[in-house]
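Okay, thanks everyone for squeezing me in. I'll put the model up and then walk you through a few spots in it.

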Amino acid sequence: MDKSASRKTEEAMLIKSAREGDSLAFALLMHRYSHLLHSYIGTLAVSESEKEDLAQEGLIGLLKAVRSYDDKQAEFSTYAVVCMKRSIITALRKYNRSASALVSELPTEESDTAEGESPETGFLDSESGRILYNRLFRVLSPLEKQVFELYLSDMSYAHMAKALGRDVKSVDNAVQRIRAKLRRMI
């Protein structure tokens with residue numbers, strides 16, 4: 001088996017495990033794609049504090065990619081990049097940002113480690129991702145967990161509110177609390 005096929009098989013196993021709730025598998029995928037996410041965010045004309053929020057949105061996009069990926073449609077790397085980018089663009093639009101804030105396209109090439117990154121840094125990043133994933137789900141309230149699940153399925157606030165029998169403002173508040181909890185963890 002050549003290196004490319006081996007990598008695809010490994011990635012398929014990681015995706016399957018992450019989909020089944022394996023936080024270490026998700027952390028490894030997060031590590032693989034974090035340099036793409038950060039290089040893309042670096043091209044945006046936004047403040048440093050907004051870049052942190054957009055990184056969270058990108059991670060949510062990666063989680064959506066893991067949950068909804070179908071290997072019959074495209075390579076995971078391509079699909080993940082599109083999901084991360086769409087999550088960021090959606091966040092920018094929600095914050096009344098112009099689409100012109102996007103300076104360049106997210107690269108679709110992936111590499112095992114970012115340039116100049118040590119194995120120790122890679123391990124710490126993946127361990128941090130696993131811890132973050134576990135901690136987030138421990139601190140969310142039952143409502144926040146429901147809202148987060150619906151948010152990951154790209155449901156609008158209005159549809160979430162209707163499905164949960166809540167006000168749109170209640171859903172928006174829950175999303176803001178989820179983001180704040182995620183921000184504190186990062």
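So, the lining of the second largest pocket: by class, its residues split into seven nonpolar, four polar and seven charged. Keep in mind that this is a predicted model. The volume of that second largest pocket comes out at about 360 Å³. Its lining has 18 residues, and the ones closest to the centre of the pocket are Lys-64, Tyr-151, Leu-152, Ser-153 and Asp-154. Which elements give two or more residues to this lining? Those are α3, which is 48–68, α4, which is 76–94, and then α6 and α7. And of the elements, α4 gives the most, with six residues.

Let me stay with one of those central residues, Ser-153. Where does Ser-153 sit? You'll find Ser-153 in the loop between α6, residues 142–152, and α7, residues 157–164. Is Ser-153 buried, exposed or something in between? It's partly exposed, because its relative accessibility is 45%, and the partly exposed class runs between the 20% and 50% cut-offs. Now look across to Ser-68: Ser-153 and Ser-68 are 85 residues apart in sequence, yet C-alpha to C-alpha the two are 8.6 Å apart in space.

Next, α4 itself. I picked two residues there. Ser-87 lies in helix α4, and so does Val-82. Ser-87 has a relative accessibility of 7%, so it counts as buried; the cut-off for that is under 20%. What is Ser-87 in contact with, once you leave aside its neighbours within four places in sequence? The list is Glu-57, Ile-60, Gly-61 and Lys-64. For Gly-61 there's a bit of atomic detail: a polar atom of the Ser-87 side chain lies 3.5 Å from the backbone nitrogen of Gly-61. And Lys-64, another of those contacts, is one of the residues closest to the centre of the second largest pocket.

Val-82 counts as partly exposed, because its relative accessible area is 33%. If you want a distance to check on screen, take Val-82 and Gly-58: they are 24 residues apart along the chain, and their C-alpha atoms are separated by 10.0 Å.

Okay, cavities. How many cavities of 30 Å³ or more turn up in a search of the whole structure? Two. I'll talk about the second largest cavity, which holds about 30 Å³ of space. Its lining is made of Ile-60, Phe-148, Tyr-151, Val-175, Ile-178 and Arg-179. Here the elements giving two or more residues are α6 and α8, with α8 being 168–185, and α8 has the largest share at three residues. By class, that's five nonpolar residues, no polar ones and one charged. Two names should ring a bell: Ile-60 and Tyr-151 are both in this lining. Ile-60 was among the contacts of Ser-87, and Tyr-151 was among the residues closest to the pocket centre.

Last, zooming out to the whole chain. It has eight helices and zero strands. Of the 186 residues, 41% are buried. Take the contacts with a separation of 6 or more: 67% of those are between residues 24 or more positions apart. On the outside, the chain exposes about 10,400 Å², with carbon and sulfur atoms supplying 54% of that.

That's what I had, so over to you.

Definitions and conventions
Residues are numbered from 1 along each chain as its sequence is written. This is a predicted model: local features need pLDDT of at least 70, side-chain atom pairs count only at pLDDT 80 or more; totals for chains, interfaces and linings use all residues. Side-chain values use heavy atoms; hydrogens and water are left out. Helices (H or I, at least four residues) and strands (E, at least two) are DSSP runs, numbered from the N terminus. Buried means under 20% relative accessible area, exposed over 50%, partly exposed in between (1.4 Å probe, protein chains only). On a 1 Å grid over the protein atoms alone, a cavity is a set of points where a 1.4 Å probe fits but cannot get out, and a pocket is an open set with protein on both sides within 12 Å along at least five of seven lines; lining residues have an atom within 4 Å of a point. Grid points are joined across faces, edges and corners, and a volume is the space filled by probe spheres set on the points. Ala, Val, Leu, Ile, Met, Phe, Trp, Tyr, Cys and Pro count as nonpolar, Asp, Glu, Lys and Arg as charged, and the others, Gly among them, as polar. Contact means heavy atoms within 4.5 Å. Accessible areas come from the Shrake-Rupley method with a 1.4 Å probe; for residues, only the protein chains shown count as cover. A polar contact is a pair of N or O atoms within 3.5 Å; within protein, one must be able to donate a hydrogen and the other to accept it, and residues adjacent in sequence count only if both atoms are side-chain atoms.
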